[in-house]
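Colleague: Could you take a close look at one part of this model for me, the helix that carries the nonpolar surface patch and its neighbours? I would enjoy a connected walk through it.

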Amino acid sequence: MTKGLYLRLAISKPEVVWMNTMETILKIIQEEGRITPTVLAKKIGKSRVLVNVYLRALENLGIVRRVGRGLYELTEEGACLIKNSFHQ
């Protein structure tokens with residue numbers, strides 16, 4: 001079994017979309033510094049409700065934190081994750 005085929009079997013399309021969206025969100029937060037779900041939703045073309053789901057998941061993982069009413073930023077761990085994981 002080739003590596004590509006294994007990856008296709010191991011990761012479903014919804015999981016790939018989820019991971020790609022998470023990566024996009026993290027990159028935007030890195031660029032903006034702090035951002036609201038409404039602005040983030042407009043930037044990625046998703047609903048604010050869905051963006052809040054992503055942000056809650058990232059917050060539960062300790063990658064982002066809410067710093068005010070509806071305002072999010074990267075944690076130190078999130079900044080390290082981007083630095084070490086994503087191609088800049």
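Modeller: Happy to. Let me start with the whole chain: this predicted model has 5 helices and 3 strands. Read from the N terminus, the elements follow the order α-α-β-α-α-β-β-α. The protein has 88 residues, and 28% of them are buried. Its accessible surface is about 6,100 Å², with carbon and sulfur atoms accounting for 54% of that area. As for contacts between residues at least 6 apart in sequence, 47% link residues at least 24 apart.

Now to the part you asked about. W18, M19, L50 and V53 together make a nonpolar surface patch of about 310 Å². Two elements, α2 (13-32) and α4 (48-60), each give two or more residues to this patch. One of the patch residues, L50, is found in helix α4. Its relative accessibility is 31%, and because the partly exposed class runs from 20% to 50%, L50 counts as partly exposed.

Helix α4 also has α3 to deal with. As a general point, a pair of packed helices is described by the distance between their axes and the angle between them. For α3 (residues 37-44) and α4, the axes come within 9 Å and cross at roughly 110°. Angles of 65 to 115 degrees count as roughly perpendicular, and therefore α3 and α4 are roughly perpendicular to each other. On the α3 side, the residues in contact are P37, T38, L40, A41 and I44, while α4 brings R48, V51, N52 and L55 to the meeting.

The residue I would look at next is T21, which sits in helix α2. T21 has a relative accessible area of 8%; the limit for buried is under 20%, so T21 is buried. Leaving aside residues up to four places away in sequence, T21 touches I44, K46 and Y54. I44 is a name we have already met, as one of the α3 residues that meet α4. Along the chain T21 and I44 are 23 residues apart, yet their C-alpha atoms are separated by 8.1 Å.

To put the pieces side by side: α2 and α4 each contribute to the nonpolar patch, α3 crosses α4 at roughly 110°, and T21 of α2 is in contact with I44.

Conventions
Residues numbered from 1 in each chain as written. Predicted model: local features only at pLDDT ≥ 70, side-chain atom pairs only at ≥ 80, totals over all residues. Heavy atoms only, no water. Patch = residues over 30% accessible without salt bridge, like charges linked within 9 Å, V, L, I, M, F, W, Y side chains within 5 Å. Areas by Shrake-Rupley, 256 points an atom, 1.4 Å probe, with all protein chains shown as cover. Salt bridge = Lys/Arg side-chain N within 4 Å of Asp/Glu carboxyl O. Helix = DSSP H or I, 4+ residues; strand = E, 2+ residues; numbered from the N terminus. Buried < 20%, exposed > 50% of the residue type's maximum accessible area, 1.4 Å probe, protein only. Axes fitted to C-alpha atoms, helices over the stretch in contact; angles between N-to-C directions. Parallel < 35°, antiparallel > 145°, perpendicular 65-115°, else oblique. Contact = heavy atoms within 4.5 Å.
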